[in-house]
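User: I am new to this structure and would like to learn how to read some of its features. Could you take me through them step by step?

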Amino acid sequence: PIFDRARELGERVADPATLFYILWGSWAFRLVRCDLGVCHELADRIRQQAELLMTPDWQCEAEFIPAGSWFYAGDFHRALRHATESARLIDPSRGPRHVQGTGQDVRSGTLSYRSLALWSVGAEEQARSAAREAVSVCRELNHAMSLAFALDHAAWSVSLAGEYAEAREVAAEAERLGAEQG
């Protein structure tokens, strides 16, 4: 309900950036509730807003959305396609500008979902590399939420490789980060 009202207000303002962030927040809320049908619809609306904004950083953010949605829907090839496109569009100098609107740097999500999708289609070495890159990028950013997201997904990815000691280390770091941040 709150996101519906926010969307109504965002449409009145007629600012594509504002509406983009409102739709992004609604998508994140629906994703954790596993309402994937709505997530796919929101992905289309988010992409439309990104097209209005006409820069690769917005399109990068818009490609991240279906990467996550399709991953949790079990369509790993489609998730990988969107994550790869999002990664292609990453501009490190512009990515952090969206942190205030989304709560995380797009690179943490894009590379993390890319890693998990790669695992799911059998590309294990590439998956490990993407997981490590996500954590490395987020360490440089010094943004706690982005790093926590990357660490969580890296622990998942490493455990898929059967590297349980490393997975425990990564998960412990995520836990420490959470305790430090409150």
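Analyst: Let us begin with a term that the helix below needs: a residue is called buried when its relative accessible area is under 20%, exposed when that area is over 50%, and partly exposed in between. Please keep in mind throughout that this is a predicted model.

User: Which residues of H10 are buried?

Analyst: In H10, the buried residues are Ala167, Val170, Ala174 and Leu177. The helix itself covers residues 164-181, which makes 18 residues, and it reaches 25 Å from its first C-alpha to its last, close to the 26 Å expected at 1.5 Å a residue.

User: Why do the buried residues of H10 line one face of the helix?

Analyst: Looking down the axis of H10, one finds its buried residues within an arc of 85°, and therefore they line one face of the helix. These buried residues pack against helix H9 (144-160), while the face turned away from the buried side of H10 carries exposed residues, among them Arg168, Glu169 and Glu175. Just after H10 comes Gly182, which takes a positive phi of about 85°.

User: How should I read a pair of aromatic rings?

Analyst: A pair of aromatic rings is described by two quantities, the distance of the centres and the angle of the planes. In this structure, a search of the whole model finds 13 aromatic pairs. In one of them, Phe20 and Tyr21 have ring centres 5.8 Å apart and planes at 90°, so the pair is edge-to-face. Phe20 is buried, with a relative accessible area of 0%, whereas Tyr21 counts as partly exposed at 22% relative accessibility.

User: Which parts does the pair of Tyr72 and Tyr113 tie together?

Analyst: Tyr72 and Tyr113 also form an edge-to-face pair, with 5.7 Å from centre to centre and 90° between the planes. Because Tyr72 lies in helix H4 (residues 56-73) and Tyr113 in helix H7 (residues 106-120), the pair ties together parts that are 41 residues apart in sequence. Tyr72 is partly exposed, with a relative accessible area of 35%, but Tyr113 is buried, with a relative accessible area of 3%.

User: Which residues do ring pairs link into a cluster?

Analyst: Ring pairs link Tyr72 and Tyr113 into a cluster with Trp24, Trp27, Phe64, Phe71, Phe76, Phe149 and Trp156.

User: What lies over the face of Trp70?

Analyst: Over the face of Trp70 lies Arg78, at 4.1 Å from the ring centre.

Key
Residues numbered from 1 in each chain as written. Predicted model: local features only at pLDDT ≥ 70, side-chain atom pairs only at ≥ 80, totals over all residues. Heavy atoms only, no water. Phe/Tyr/Trp six-rings, centres within 6.5 Å; stacked < 30°, edge-to-face > 60°. Buried < 20%, exposed > 50% of the residue type's maximum accessible area, 1.4 Å probe, protein only. Helix = DSSP H or I, 4+ residues; strand = E, 2+ residues; numbered from the N terminus. Lys NZ or Arg CZ within 6 Å of the ring centre and 35° of its normal. Expected span 1.5 Å × (residues − 1). Arc of directions from axis to C-beta. Contact = heavy atoms within 4.5 Å.
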